[in-house]
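Good morning, colleagues. Please look at the sequence and the model together while I speak.

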Amino acid sequence: MSRSTAPRVEPETVRATLRAAGLRARHALSQNFLADTDVLDAILAEADPAPGRRVLEIGPGLGLLTGGLLEAGARVTAVELDRGLAAFLRDRFDGVESLRLIEGDALDQDLVHLVEPPYDVVANLPYHITSPILHALLGQPPRPSRLVLMVQREVAERIAAPPGRMSYLSVFVQYHARVRVALEVPPTAFEPEPAVQSAVIVVEPFDADDRLDPVAEDELWRLVQAAFRERRKMIHNVLARQLPLDAGRVAAGLAAANIDPDRRPQTLGVGEWLALREALTPIGPDPSGWRGAT
């Protein structure tokens with residue numbers, strides 16, 4: 001018989017569930033399974049899945065969030081790399097028509113075309129794939145309407161950093177979206193417990209007309225990428241060294257953008273990068289061979 005929902009795995013049974021299914025957390029895949037009902041409920045509250053809403057879930061694991069999303073009436077496309085977990089999920093949600101399970105590496109998928117827009121994203125992301133996943137989801141349309149992501153707390157803080165602590169990743173994400181850290185999550189919320197603190201971030205992309213055209217945007221990322229190769233150096237020196245711009249053009253561009261030439265790249269906000277790109281264009285190719293935000 002077809003079902004529209006299926007029961008969730010109870011967090012307190014995570015270890016027993018893994019053992020019964022002949023599974024274990026794989027360190028090589030940075031697997032830590034959510035095992036705290038309060039955190040689960042907080043993530044679901046941020047995701048706010050409505051009946052019929054399409055959701056892309058990356059790394060469903062044992063299906064705790066998957067079950068919560070389905071119970072709310074969402075239509076879920078879940079991408080799971082681990083073969084054992086994929087088999088477990090197929091069995092647990094057998095017959096659930098509102099779940100589509102894709103077995104494979106999320107980094108190998110055309111993520112923005114897996115789900116028909118409008119759609120949201122929910123994910124528990126290992127540290128090493130956070131940046132490429134964000135680039136894949138934000139770097140081209142159709143972008144999700146909202147992303148609710150569990151990430152390492154240090155990465156969350158870097159993504160949401162204010163000017164003074166900016167990085168290439170924070171400029172990239174904040175150019176595309178509003179970002180906030182919604183919840184800090186201790187290691188005890190997982191099985192097994194990771195060695196680091198985690199956090200849930202909410203990323204809400206801006207409308208398409210808030211972005212530069214593709215050529216100008218590529219130029220922006222070449223500028224930002226070049227500057228952050230020496231993030232603690234004075235920006236007038238960095239740009240003259242890292243891009244095919246002479247010192248005079250750099251000085252004139254900084255003055256036109258009202259940016260003190262002695263500031264460091266990490267102190268510039270997104271609006272200042274946009275003003276600086278406009279003042280310096282055309283910038284020309286990056287001597288390092290870098291070709292865009294990847």
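What covers the buried residues of helix 10? Before I answer, let me note that this is a predicted model. Helix 10 spans residues 247–256, and Val250, Gly253 and Leu254 are buried there. Viewed down the helix axis, these buried residues fall within an arc of 100 degrees, so they line one face of helix 10. On the other side of helix 10, Ala255 and Ala256 are exposed. The cover over the buried residues includes helix 9, residues 235–242, and helix 11.

Helix 11 brings me to a second packing arrangement. Two packed helices are described by the angle between their axes and the distance between the axes. The axes of helix 8, residues 214–227, and helix 11, residues 270–280, come within 10 Å and cross at roughly 110 degrees. The two helices, 8 and 11, are therefore roughly perpendicular to each other. From helix 8, the residues in contact are Ala216, Glu219, Leu220, Leu223, Val224 and Ala227; helix 11 contributes Trp273, Leu274, Leu276, Arg277 and Leu280. By class, this contact comprises nine nonpolar residues, two charged residues and no polar ones.

I turn next to helix 7. How many of its nine residues are buried? The count is eight, and helix 7 is thus described as mostly covered. The buried residues are Tyr168, Leu169, Ser170, Val171, Phe172, Val173, Tyr175 and His176. Their cover includes four helices that I will name, helix 5 (127–138), helix 6, helix 8 and helix 11, together with strand 7 (177–185) and strand 9 (198–205).

Just ahead of this element, Ser167 lies in the loop between helix 6 (153–159) and helix 7 (168–176). Is Ser167 buried or exposed? With a relative accessible area of 5%, Ser167 is buried, because the cut-off for that class is under 20%. Setting aside neighbours within four places in sequence, Ser167 is in contact with Arg158, Phe228 and Arg231.

Finally, the nonpolar cores. The largest of them has 56 residues, and those with the most contacts inside it are Leu56, Ile58, Leu137, Leu149, Leu239, Trp273 and Leu276. Trp273 and Leu276 also appeared on the helix 11 side of the contact with helix 8. Leu137, with neighbours within four places in sequence again left aside, is in contact with Leu56, Ile58, Leu111, Val112, Tyr119, Val121, Arg143, Pro144 and Leu147. A second, separate core has 29 residues, including Phe33, Val39, Leu64 and Phe190.

Notes:
Residues numbered from 1 in each chain as written. Predicted model: local features only at pLDDT ≥ 70, side-chain atom pairs only at ≥ 80, totals over all residues. Heavy atoms only, no water. Core = buried A, V, L, I, M, F, W, Y, C linked by side-chain atoms within 4.5 Å. Buried < 20%, exposed > 50% of the residue type's maximum accessible area, 1.4 Å probe, protein only. Contact = heavy atoms within 4.5 Å. Axes fitted to C-alpha atoms, helices over the stretch in contact; angles between N-to-C directions. Parallel < 35°, antiparallel > 145°, perpendicular 65-115°, else oblique. Nonpolar A, V, L, I, M, F, W, Y, C, P; charged D, E, K, R; others polar. Arc of directions from axis to C-beta.
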